[in-house]
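Fresh page in the notebook today. I want to get to know a structure by looking things up one at a time, so come along with me.

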Amino acid sequence: MSMKVRRLGRDTLDLLLLIFLLGGAVVALLGAEFFPTELAGTVEPIAQGPSFRHILGTDTLGRDMLARLLEGMRTTMGVGIGATLLAIILGSIYGGLAGLAGPRTDEAMMRGVDVGFALPYMFLVILLVSFFGRSMTLLFIALGLVAWLPLARVVRAGVRNLRHEPFLEAARMMGGSHGYVLRAHLFPQLGTPLVVYATLMLPVVMMQEAFLSFLGLGVKPPMASWGTLVAEGVERMETAPWILIVAGGSLALWLIGLHLAGDRLARRLNVHRTTGTPEKIMAVGPAPDGQDQEDGGAAS
Amino acid sequence: MKTRPWNAPVISLLLLLVTAACGSGDGTAGYIGRVHPPKSPVLRVASGEDPAGLDPTRYHSQNAWRVARLLFEGLLAFTSEGHTTPGVASSWSADTEARVFTFHLRPEARWSDGSRVRAGDFIHSWRRTLDPSFASEAAETLYTIRGARLINEGAAGPETLGARAVSDTVLVVELEHPDPGFPARTALPPLFPVPPQETARDYLNWPGGRAPIGNGPFVLEAWRLNDRLVARRSDTYWNRDAIELERVIFYPITDKNTTVNLYRAGEIDWTTANTIPVDQARQFLGAGASEVHVSTVYATYYLELNTRREPLSDPRVRRALELTTSREEIAASIFGAGHRPSRVMITTDLPDWTAPEIAGGDAETARGLLADAGYPGGEGIPPLIYIYNTGGPHGAVAEFLQGTWQRQLGIRIEPTPMDYPSMEERGRRGDFHIMRSIWLVDLPAPIEFLEVLEGGNPNNLTGWRDSTYDALLEEARRTLNRQERYALLRRAEERLLTDVPIIPLLQYANVQLIKPYVEGLRPNPLDVVGWAGVRVDTGWHPPR
Amino acid sequence: MAPPAVTDNTGEERAPLLPFSPLLRRRLLTALPTLFVIVTLTFILTRAAPGGPFGKEREMPEAVRENIEHRYGLDRPVYEQYLRFWGNLLIGSLGPSFQQPERSAFGVLIEGLGPSLIVGLSALLVALILGIGGGTLAVLRPASTPVVSIAALVALAVPVFVLGPMLVRFVAIGLGLLPAALWGSPSHVVLPALTLGIPVGGALARFWRAVLAESIELPECIAARARGLGEWQLVWRHAARKSLPLLLNYIGPMLAGLVTGSVVVEKIFSIPGMGRCFIDSALARDYPVVIGATLIYAFILLVVHTLVDLSHLRLDPRLRKEHTEWTEADRALRRKRRAAARAAKQSRGT
């Protein structure tokens with residue numbers, strides 16, 4: 001009985017979580033349409049605390065904080081999802097090919113990933129964005145390039161585990177190319193873990209966006225992102241604390257929600273059967289000896 | 001839930017802690033944060049950014065100059081009020097044309113290794129600064145000396161410089177054109193002497209070597225990049241008795257909020273110009289604390305308009321933008337810490353200077369001008385690219401103007417932030433419509449403001465070139481009589497403001513925090529410090 | 001211990017060149033291309049970047065600009081600059097810093113390395129204490145799991161640049177307990193280390209909890225529990241030992257988090273470290289320092305990764321055995337393939 005109650009509680013919590021995340025996304029998507037950000041230079045009072053007219057107060061240029069926040073949410077989610085998608089695409093192709101290739105190509109490709117891990121990525125991103133200006137496209141490409149490496153490992157591990165399944169052997173025996181095998185047989189199988197890893201990756205990418213914003217390398221104004229708003233809030237912590245409270249608080253809540261969702265999804269869908277536990281895979285350190293090779297370079 | 005007996009005290013303790021943490025510390029009433037004078041006369045300064053180096057003649061930046069003035073001294077020096085005062089030279093005279101100057105050096109002036117500061121040291125130093133292979137970024141400061149430009153361009157030998165040492169104590173300088181203000185120029189670090197015994201050394205690989213030999217009121221004790229620069233009172237400085245500080249410590253703190261935090265915590269005694277956030281400066285000003293010092297600066301914040309590009313090549317469009325620039329709102333809401341809205345280039349604070357009158361107009365006039373130019377309601381105008389560097393208030397200004405111009409004129413602006421070197425490069429290439437600029441003059445002379453827009457001046461990125469304007473400036477340079485000179489300059493400024501290659505926004509101001517136990521620091525428009533007379537009252541306590 | 005002997009097909013017995021040589025060989029094979037990629041990539045990035053290392057407050061006359069460009073060799077063709085850079089690098093020099101022309105770029109970086117390492121290692125300590133402590137607690141005391149999970153999530157979700165100013169505001173300014181910023185005494189390290197360590201600790205706690213919970217379900221742990229071993233002992237003697245190698249894997253991401261965060265922390269707390277140096281140099285186009293800093297970071301990553309690999313082999317005798325076996329099998333396979341290829345060639349040839 002008590003077990004059942006707990007389970008029910010869990011399900012309800014998961015549902016609430018889902019509603020929270022989806023609701024946030026919808027609000028971000030549509031809210032910015034209904035409450036568009038005014039251009040600066042209005043007659044509205046600047047840096048004003050919450051009031052009836054402006055529920056969340058105004059920012060330092062007299063713009064409504066609620067509108068800014070909604071716009072910022074949309075930007076950050078856009079950048080985050082874009083970067084994650086890019087990482088998934090790159091990681092899947094690379095990891096999938098490595099997984100299917102012969103041991104030598106596989107080895108070489110995974111050494112390539114090692115080189116990638118040894119690059120101080122965030123520093124290259126900082127250089128890239130500070131040298132070549134700030135655009136949303138550049139931002140999500142740069143962040144996507146940071147995030148694809150662990151995904152390449154996830155996919156490769158999944159493919160390695162699946163490659164001796166009869167349906168794959170059959171597909172290959174019928175003369176299917178690597179590309180065909182990946183597309184038609186492997187990706188459908190790996191879809192579930194990829195969704196889970198994407199969920200776990202998303203908050204990390206969004207945090208990196210905030211980090212770049214603090215360094216003044218975020219999106220281009222007057223566009224706002226969650227990160228730029230939080231950075232602005234930190235800057236005005238003493239004189240306009242509500243900016244930090246509103247922007248920082250909502251960002252933190254959303255990130256916590258995403259992390260939780262990732263955890264729950266991983267547990268529910270049991271992804272570690274295919275690819276190993278998320279914790280181990282997301283531990284994106286050096287290729288731990290024996291992990292890359294656990295199914296043996298010599299197995300085929 | 002079971003109540004546990006220890007809950008209450010723990011919770012109340014926690015509450016107490018939280019309450020304490022939310023306060024702004026055990027600040028002394030009426031002051032900002034803690035006020036405890038240091039035990040010895042040491043001045044701790046938040047100085048913004050590390051100087052690029054210690055050589056006074058190589059750099060052109062306020063940070064490098066501040067350190068240079070600590071460790072070196074020129075023929076003349078500045079007082080804390082920003083007036084000139086005798087330095088290495090005890091007296092000087094000019095010929096009737098103000099073209100040839102004779103400086104008499106004090107025989108008691110010494111380098112920190114004990115040797116005398118001689119007239120020849122200046123000649124040596126100036127030639128070195130102008131040497132193309134030395135590549136000083138401040139060489140331009142010397143261009144008023146006859147022959148200097150050609151030497152720096154590599155077209156003439158160093159011996160052609162119009163300066164000679166008659167004896168160890170007499171220095172004669174000849175200028176390109178008359179300039180009664182030249183003695184004040186010798187108080188600028190690029191004209192400071194560097195010790196001849198140090199010339200072989202390029203100061204390279206500091207801190208491997210010794211501290212540099214200087215002739216200023218302080219000598220370097222330690223310098224660690226991004227950490228601190230410590231200078232101790234010199235034993236050889238000719239005016240050492242007037243120096244009351246034992247040590248000066250510069251902390252290069254680049255985060256403005258951190259600077260305020262340290263000041264609140266009582267770990268910093270003085271925050272120099274531009275080191276605290278504008279919003280907090282405004283708050284301190286509003287609270288009326290006695291530690292807040294506002295001073296105008298001889299600097300103008302303005303926008304450069306690219307006159308080579310459509311539609312800004314049309315002066316009517318430029319004028320329309322100028323008329324609808326909401327300076328008052330920008331000054332009040334984005335700066336609001338002593339900054340004053342201004343429609344003119346030359347600061348009105350200069351003694352005896354009156355600005356020319358320029359025709360005003362409202363948004364209606366502006367829209368009319370725009371229609372005359374063939375862009376009714378801003379139609380046909382592409383989005384104008386407004387470039388600025390990130391950090392500071394520039395982004396806010398750009399966004400503010402974006403809103404104003406879009407609403408008033410229907411002209412769309414594309415604020416384009418980038419880092420400083422990128423902006424500099426795009427500015428030089430002319431790849432912009434509008435660019436933010438600040439001009440900070442070295443010396444309090446009106447012509448210093450106008451030279452920026454002279455044709456061929458590297459700082460003029462507008463592409464605007466006006467022969468009448470250039471001729472007026474050239475004539476003003478040759479005019480010795482101050483009233484006549486000012487009249488010429490006023491005509492030049494009027495011409496500039498009528499043709500609008502630039503839109504002046506405001507006259508800059510600095511807000512600085514100085515602890516009540518520090519005496520003798522007076523923020524001034526030139527942002528200089530006279531170290532004689534600065535003291536720290538170690539026995540200070542708040543008045544009851 | 002003696003290096004494992006390897007017998008190959010020909011029956012000769014020979015010892016590998018080094019203990020764990022295949023591993024080190026692999027690392028080295030990764031290291032060299034990595035360094036090459038980094039130098040080339042950063043070089044290209046810096047040269048392609050707009051603007052140059054020139055004065056910040058006003059424009060210079062053409063002559064002055066040319067003099068400066070000549071001084072730094074920026075007037076030469078890019079390929080020549082690149083080759084010269086390598087030449088310098090091979091003799092261990094980066095040339096003078098552009099931003100600090102009176103210092104060498106290498107000197108600038110070395111000066112910043114000390115504070116960065118001190119803050120980084122202290123933060124690592126903070127992260128380990130919080131992460132291992134929190135994770136273990138959550139596994140052993142199920143009642144505390146929600147608290148630990150939520151604390152860890154909050155630590156993860158608050159950006160470093162928010163946490164830092166908050167700590168300063170409430171601990172340094174409000175309570176007056178610690179210095180608000182600057183550098184010079186052990187007390188100056190506390191707040192930066194906390195700021196940098198807490199988020200990493202949060203991530204680690206989640207990781208450690210998951211890993212530990214998994215190992216505690218292993219048959220040997222269940223058996224040990226059945227023997228009546230106390231929970232703490234169980235964790236200490238069995239589960240932790242099983243999970244330790246996995247923890248090593250986590251050092252990589254921890255390190256990345258610390259290094260990235262250091263940039264912000266050093267700025268907020270005005271610490272004379274390398275992270276701050278890096279950002280300032282990038283913004284001032286101080287190319288030698290930028291490239292040098294990237295190289296040093298890459299080098300640190302490389303060293304840590306190698307150490308992690310070696311510890312893996314030390315910690316886990318099974319892995320060591322597997323490793324040797326794998327190497328052997330791999331060699332055998334390659335040989336077999338080669339032989340097959342030869343045979344195929346010959347058969348085709350005849």
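These entries go through one chain by itself and then the place where two chains meet.

**Entry 1: what I am looking at.** I noted at the start that this is a predicted model.

**Entry 2: the fold of chain A.** I looked up the secondary structure and found 11 helices and 0 strands in chain A. Reading along the sequence, I wrote down the pattern α-α-α-α-α-α-α-α-α-α-α.

**Entry 3: inside and outside.** Chain A has 300 residues, and 58% of them count as buried. I then checked the surface: chain A exposes about 12200 Å², with 69% supplied by carbon and sulfur atoms. For contacts in chain A with a separation of 6 or more, I found that 75% come from residues 24 or more positions apart.

**Entry 4: where the chains meet.** How many residues does each chain bring to the contact? I found 22 residues from chain A and 25 residues from chain B. About 1800 Å² is buried between chain A and chain B, and carbon and sulfur atoms give 52% of that area. On the chain A side, A:L39, A:L61 and A:E238 lose the most area to chain B, together 26% of what that side buries.

**Entry 5: charges and polar pairs.** The rule finds 3 salt bridges across the interface of chain A and chain B. One that I looked up joins A:E238 to B:R264, with the closest N and O atoms 3.8 Å apart. I also noted 3 residue pairs in polar contact across this interface.

**Entry 6: the chain A side.** Here α4 (121-131) and α8 (226-235) of chain A are the elements that give two or more residues to the side touching chain B. I sorted the residues of that side into 9 nonpolar, 6 polar and 7 charged.

Key:
Residues numbered from 1 in each chain as written. Chains lettered and ligands numbered in written order. Predicted model: local features only at pLDDT ≥ 70, side-chain atom pairs only at ≥ 80, totals over all residues. Heavy atoms only, no water. Contact = heavy atoms within 4.5 Å. Buried area = accessible area lost by both parts, 1.4 Å probe. Salt bridge = Lys/Arg side-chain N within 4 Å of Asp/Glu carboxyl O. Polar contact = N/O pair within 3.5 Å; in protein donor to acceptor, adjacent residues only side chain to side chain. Helix = DSSP H or I, 4+ residues; strand = E, 2+ residues; numbered from the N terminus. Nonpolar A, V, L, I, M, F, W, Y, C, P; charged D, E, K, R; others polar. Buried < 20%, exposed > 50% of the residue type's maximum accessible area, 1.4 Å probe, protein only. Areas by Shrake-Rupley, 256 points an atom, 1.4 Å probe, with all protein chains shown as cover.
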